[in-house]
Amino acid sequence: MSFPLLSTVVFAPLLGALLLLAIPNRQNARDGLVRGLALGISLLVFVLTLLVWRAFDGRSADFQLVERVAWIPAFGIEYHVGVDGISLWLIVLTGFLTPLALLSSWIGIEKKVKEFSFFVLALQAGMLGVFVSLDLFLFYIFWDAMLIPMYFLIGIWGYDQRIYAAIKFILYTMAGSVLMLIAIIGLAVLHAQATGQYSFNLLRLYELSIEPRTQLWFFLAFALAFAIKVPLFPFHTWLPDAHVQAPTAGSVILAGVLLKMGTYGLIRFAFPLFPDAALQVAPFLGTLAVIGIVYGALVAMVQPDMKKLVAYSSVSHMGFIVLGICAANVQGMQGAVYQMLNHGVSTGGLFLIVGMLSDRRHTRQIAEYGGLKHVMPKLVAAFLILTLSSIAMPGLNGFVGEFLTLMGAYRWRPVLAAVAATGVILSAVYMLWMFQRVNYGALTNPKNKQLPDLSPREWAAIGPTLVMAVVMGVVPNLFLAPMAPAVDRLVQRLHAQRPALARTAAHDVVGAGRVRRAGKVTAGQVRPLRVEVRPLRVEPSRAALSLEP
Amino acid sequence: MALPLVLLAVGSVVAGYVGVPHALGGSNSIETFLHPSFHPAAAHAPAVAGDHGPAAASEHGGPPETAPATTAAQHDAPAAGDHAAAGGHDDPDKARVELTLMGVSTVLALLGIGLAAFFFLQRPEAADAAARHFAPVHRLLLHKYYVDEAYDAALVHPLRDGSNRVLWKVVDAGLIDGAVNGTGHLVRESAGALRLLQTGSVRVYAASLSVGALLVLGYYLAR
């Protein structure tokens with residue numbers, strides 16, 4: 001490993017942020033420079049994330065571009081980063097959304113532009129760090145460090161109740177993280193008991209065999225931290241507050257990337273570290289996810305505030321992702337990762353649109369709008385594409401992800417998939433209803449008569465999300481292929497035959513477990529279902545064959 | 001609005017000729033249009049499964065067993081297709097059915113056109129009279145059999161009002177968020193209660209210190 005590309009990606013935004021601090025900006029005289037420089041840095045980081053994609057070998061399930069340096073040897077703590085097919089796209093997504101978030105705040109953010117840009121870039125560094133960390137200690141540092149810039153972004157540049165929302169956000173998230181920290185330390189201690197030395201190395205901890213009871217407790221500690229972040233019903237109430245109060249850039253990053261850390265955490269840490277406990281708890285988590293899907297959609301439907309509507313829709317959409325993860329088969333996992341990207345693009349884009357409306361009218365109440373297509377057809381067209389992307393219209397990105405997750409969920413628990421599918425309909429209800437009330441009909445509110453359409457800057461912010469919504473809907477394989485090996489390996493790890501201690505638990509939990517064990521098939525490819533179905537269909541012909549001789 | 005209607009009208013005149021009934025000496029060129037897509041489906045089934053590559057390959061316990069079943073399906077399908085094609089050509093009963101259907105639908109269409117011409121062109125007042133005469137029927141038709149109203153009452157209103165009044169305002173804002181904020185309040189209240197112990201009065205501190213010391217001492221002496 002010659003050039004430390006991943007470290008460059010992670011620390012470039014941080015260096016850029018520090019550089020911004022060095023610019024004297026009395027009386028906001030150099031706001032333009034600060035904005036331009038911040039945008040330039042974030043674009044550079046985006047290019048770097050694309051270089052990661054270029055350097056990435058999509059045929060391998062291994063971690064790549066790995067950098068590993070001893071950091072605190074006494075406790076086996078290392079600076080250990082790497083990327084695989086699952087984290088690859090989340091890194092690119094982070095690089096993709098940050099410049100858009102900065103563009104969206106060009107006008108909306110007027111005070112303390114330098115500090116604002118600093119926090120956005122610092123936040124980006126934290127998020128990238130979370131996605132590349134392969135050392136639990138390092139991961140935890142990034143995970144918690146990320147909260148700080150977000151706290152300030154909401155608390156300083158937010159709307160009226162920003163302090164309340166910021167404190168709720170940080171306390172709620174930290175409450176979850178602390179339990180995870182205990183579990184992380186517990187894991188290192190377990191490793192020390194097994195091998196004689198501490199380690200926070202994720203790959204080594206994967207190999208630990210942990211007795212079921214401990215697994216369950218550790219899994220719950222991890223899962224709670226991630227469930228709050230996702231947010232999974234009923235841990236979601238910080239989200240509407242944070243979203244509504246955050247400035248547009250904060251909402252875009254919050255919805256686009258921050259929520260993904262929860263689901264990413266489940267995929268990367270909670271499930272593979274404690275597979276038996278995960279499979280045991282999965283039906284319960286999956287049920288919460290499905291409740292969240294329907295509940296989030298119903299509550300979104302009746303929100304009078306657009307931002308709150310999109311926030312609750314996130315609860316619903318993130319439910320699909322958790323459901324796909326809980327299915328723990330290839331389709332479910334692939335769908336989940338794909339849906340993470342989709343949600344970043346479509347919900348990020350929707351928050352951009354709401355922000356543009358809010359910049360013009362300083363209100364986000366649906367009732368204040370109506371008939372916007374008469375005054376700003378371009379904005380409404382972009383709004384429509386993102387709406388359709390959000391409700392998973394075939395041909396756009398959301399469809400691919402929802403289809404895969406539902407397919408994975410069906411192979412796992414048909415009933416959960418069936419109930420989750422109502423979320424697809426309800427998403428059409430709340431999104432199209434909002435779209436209709438905001439954009440169609442007569443232009444009733446005189447304040448809306450002179451609204452300007454999209455400016456070039458706004459095109460630059462919203463355009464990329466539109467392009468990605470189409471590209472990801474039409475050529476999903478471009479994105480699915482590089483993640484496939486990593487997802488396969490993950491699913492195999494979850495269903496791997498584990499000696500003795502796991503057997504009974506897995507047997508109870510995974511419906512198809514019996515068949516799999518009997519047939520000696522490794523469970524990587526979701527074959528249990530096929531194995532189950534086939535004998536039924538071919539019974540007569542087998543009987544016929546046996547008669548012949 | 002005129003242009004779409006014109007396009008639809010042109011289509012309605014022309015589109016029927018892709019399938020002229022056999023009874024009129026024509027042939028239906030669209031009837032078998034999709035057959036190539038469906039027939040090979042049975043034949044391709046094993047191949048599609050094979051496409052899954054290593055996944056299916058490692059599983060080759062299964063395919064030999066399914067093979068007979070699929071080949072049987074393949075044999076069946078073309079046979080059935082031939083049968084249908086043969087029946088269409090020669091059977092006089094089929095021709096009669098086609099002619100009857102044509103006749104009935106033409107008569108119905110003409111009746112409809114005639115009725116419309118009567119009510120809209122010749123005697124517009126007759127329509128109102130008929131509406132008055134058959135008031136309940138008129139109302140039923142006017143309201144599209146009340147299907148929309150039924151949906152509204154059974155689904156739309158309960159879902160919307162239930163979500164608004166119960167799910168959002170009671171469950172979400174009240175119960176769930178109430179529990180979250182309640183935790184915050186609990187911490188604040190109990191801290192507020194504990195705060196009262198910090199009186200700032202040195203004499204109280206000294207008194208509690210000595211009481212504590214006595215208790216600790218007493219505990220060790222009594223043990």
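Chain A comes out about as compact as a simple globule would be: for 549 residues the expected radius of gyration is near 24 Å, and chain A has 24 Å, which agrees. (The radius is taken over C-alpha atoms, and the globule rule is 2.2 Å times the number of residues to the power 0.38.) This is a predicted model, where local features need pLDDT of at least 70 and side-chain atom pairs count only at pLDDT 80 or more, while totals for chains, interfaces and linings use all residues. Residues are numbered from 1 along each chain as its sequence is written, and chains are lettered from A, with ligands numbered from 1, in the order in which they are written.

Along its principal axes, the C-alpha trace of chain A spans about 85 × 60 × 40 Å. The chain holds 22 helices and 2 strands; these are DSSP runs numbered from the N terminus, with helices being H or I of at least four residues and strands E of at least two. Of the 549 residues, 58% count as buried, meaning that 20 or more other C-beta atoms, placed from the backbone, lie within 10 Å of the residue's own (12 or fewer is exposed, in between is partly exposed).

Now for the place where chains A and B meet through two helices. Helix H12 of chain A (residues 275–301) packs against helix H8 of chain B (residues 147–195) at an angle of about 105 degrees, the axes being 8 Å apart. Axes here are lines fitted to C-alpha atoms over the stretch in contact, and angles run from 0 to 180 degrees between N-to-C directions. H12(A) is therefore roughly perpendicular to H8(B), a label for angles of 65 to 115 degrees. On the H12(A) side, the contact (C-beta atoms, placed from the backbone, within 7 Å) involves A:Tyr295, A:Leu298, A:Val299 and A:Met301. H8(B) brings in residues including B:Leu159, B:Arg160 and B:Trp168.

Some backbone oddities turn up too. In the loop between H9 (212–229) and H10 (238–245) of chain A sits A:Pro231, and the peptide bond from A:Val230 to A:Pro231 is cis, with omega near -5 degrees. A:Pro234 lies in that loop between H9 and H10 as well, and the bond leading to A:Pro234 from A:Phe233 is cis, with omega near 0 degrees.

Positive phi shows up at A:Ala328, near 55 degrees, and at B:Lys144, about 50 degrees, although B:Lys144 is not a glycine. A:Ala328 is buried, with 25 other C-beta atoms within 10 Å, whereas B:Lys144 counts as exposed, with 9 C-beta neighbours inside 10 Å.

Conventions: Parallel < 35°, antiparallel > 145°, perpendicular 65-115°, else oblique. Contact = placed C-beta atoms within 7 Å.
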